[in-house]
Amino acid sequence: MAVKRIENEAGASALAAVRTGTAQRPQTATAVRWLLQLLADAVPGNSVEVRVPPFGAVQAVPGPRHTRGTPPNVVEMDAGTWLAVATGDTSWGDAVRSGSVHASGSRADLTAFLPVRMPI
């Protein structure tokens, strides 16, 4: 089953609500998923799984594809951290050093792909 794409207007609106501190959980989920979608669009591939539980996960970054079990390159963080690194409010390096990002694997450094480029 195909995942429903988030329209840019809806994603940008949700992100604006997050940034102003007025977002409810559904808006936070939309903002997280939209930024994950933009990352996957900008850096297509299957070698890194980026997880932001409980809201979403995508596979991105060119390279070897995994097909079963836990992928060799995994990045996981909470929603607040993802929103901060995806928008450039926090650098990837600072988030990793603080322990807010758990990254494993030789391709799990997302420095070159962040902040996510937003179309709006």
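Here are three short exercises, with worked solutions, on a predicted model.

**Exercise 1. The nonpolar core**

Find which elements give two or more residues to the largest nonpolar core, and which residues touch the most other members.

*Solution.* Start with the core itself: it holds 34 residues, and those touching the most other members are Val32, Leu35, Val50, Val75, Met77, Trp82 and Val116. Next, look at where the core comes from: two or more residues each are given by the helices α1 (8-20), α2 (25-42), α3 (79-87) and α4 (92-98), and by the strands β1 (48-52), β2 (56-60) and β3 (74-77). The most comes from α2, with nine residues. Finally, zoom in on Met77: leaving out residues up to four places away in sequence, Met77 touches Arg51, Val52, Pro53, Trp82, Val85, Trp92, Ser100 and Val101.

**Exercise 2. Two helices that cross**

Work out how α1 and α2 are oriented to each other, and what kinds of residues make their contact.

*Solution.* First, take the angle: the two axes come within 8 Å and cross at roughly 125°. That value falls between 115 and 145 degrees, so α1 and α2 are oblique to each other. The crossing is left-handed. Now list some partners: the contact includes Ala14, Leu15 and Val18 of α1 and Ala31, Trp34 and Leu38 of α2. Sorted by kind, the contact residues are ten nonpolar, five polar and no charged.

**Exercise 3. Threonine 81**

Decide whether Thr81 is buried or exposed, and name its contacts.

*Solution.* Begin by placing Thr81, which lies in helix α3. Its relative accessible area is 11%, under the 20% cut-off, so Thr81 is buried. Beyond its neighbours within four places in sequence, Thr81 is in contact with Ala95, Ser100 and Val101.

Note on methods: Residues numbered from 1 in each chain as written. Predicted model: local features only at pLDDT ≥ 70, side-chain atom pairs only at ≥ 80, totals over all residues. Heavy atoms only, no water. Core = buried A, V, L, I, M, F, W, Y, C linked by side-chain atoms within 4.5 Å. Buried < 20%, exposed > 50% of the residue type's maximum accessible area, 1.4 Å probe, protein only. Helix = DSSP H or I, 4+ residues; strand = E, 2+ residues; numbered from the N terminus. Contact = heavy atoms within 4.5 Å. Axes fitted to C-alpha atoms, helices over the stretch in contact; angles between N-to-C directions. Parallel < 35°, antiparallel > 145°, perpendicular 65-115°, else oblique. Left-handed = near helix turned anticlockwise from the far one by under 90°. Nonpolar A, V, L, I, M, F, W, Y, C, P; charged D, E, K, R; others polar.
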